[in-house]
Amino acid sequence: MFENLNWWEIGALLLLALLIFGDRLPTVINDGLRMVRNLRNMARNATGDLSRELGTDIQLEDLHPKAFIRKHLLSEEDEKALRKPLQSMYDDLRSDVTGVHDQLKDVAKAADVRTNGTRPATATGGAPAPAPRPSYDDAT
């Protein structure tokens, strides 16, 4: 929940809460915790009611429509049949990307001067490349 906040920001928020609420801070914290407990109980009661009405065991995570359909309406065979065409394309794409990645690593390793210890050879067999000719745009 607080992945984006560092310790200084959390401390600043606590100090700000202390300045805003002052002596009432413990009662505000208790009211907030009571509200979270009530919300959790309401969600638990709603899932219990749904489980009783539908006659199946429903968890809070199952209330997402995709998860509900996957768990309660589709069998494992149906789900595999739906995934099969896409799975083969995914496997082909993954192998292609892995091959390209490996080839790029090989090219980068061959072109890296630090690991070879030598300068890369030029197309003329080791002769230095001619200096580029200055263009009119460079002179003006």
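A good place to begin is the outside of this protein, where L13, L16, I20, F21 and V28 make a nonpolar surface patch of about 420 Å². Keep in mind that you are looking at a predicted model. Helix α1, residues 7-21, gives the patch its largest share, 4 residues. One of the patch residues is L16, and its place is in helix α1. Is L16 buried, partly exposed or exposed? With a relative accessible area of 45%, L16 counts as partly exposed, because that class lies between the 20% and 50% cut-offs.

**The whole chain**

Now take a step back. The protein has 6 helices and 0 strands, so reading from the N terminus you meet the elements in the order α-α-α-α-α-α. Of the 140 residues, 4% are buried. The surface exposed by the protein comes to about 13,100 Å², and 62% of this is supplied by carbon and sulfur atoms. What about contacts along the chain? Among those between residues at least 6 apart in sequence, 0% join residues at least 24 apart.

**Two helices up close**

Here are the two helices with their lengths.

| Helix | Number of residues | Expected span | Distance between end C-alpha atoms |
|---|---|---|---|
| α1 | 15 residues | 21 Å | 21 Å |
| α2 | 30 residues | 44 Å | 44 Å |

Why does the span of α1 agree with what you would expect? At 1.5 Å a residue, its 15 residues should span 21 Å, and its end C-alpha atoms are 21 Å apart. You can follow the reasoning for α2 too: at 1.5 Å a residue, 30 residues should give 44 Å, which agrees with the distance between its end C-alpha atoms.

The ends of these helices are worth a look as well. At the start of α1, a side-chain oxygen of N6 comes to within 3.2 Å of the backbone nitrogen of W8. After α1 comes G22, with a positive phi near 60°. After α2 comes G55, whose phi is also positive, near 80°.

**Inside α2**

Which residues of α2 are buried? They are L25, T47 and S51, and α1 is included in what covers the buried residues of this helix. Let's finish with S51, which sits in helix α2, residues 25-54. Its relative accessibility is 16%, so S51 counts as buried, the cut-off being under 20%. Leaving aside neighbours within four places in sequence, S51 is in contact with T56, D57 and I58.

Technical notes:
Residues numbered from 1 in each chain as written. Predicted model: local features only at pLDDT ≥ 70, side-chain atom pairs only at ≥ 80, totals over all residues. Heavy atoms only, no water. Helix = DSSP H or I, 4+ residues; strand = E, 2+ residues; numbered from the N terminus. Buried < 20%, exposed > 50% of the residue type's maximum accessible area, 1.4 Å probe, protein only. Contact = heavy atoms within 4.5 Å. Patch = residues over 30% accessible without salt bridge, like charges linked within 9 Å, V, L, I, M, F, W, Y side chains within 5 Å. Areas by Shrake-Rupley, 256 points an atom, 1.4 Å probe, with all protein chains shown as cover. Salt bridge = Lys/Arg side-chain N within 4 Å of Asp/Glu carboxyl O. Expected span 1.5 Å × (residues − 1). Polar contact = N/O pair within 3.5 Å; in protein donor to acceptor, adjacent residues only side chain to side chain.
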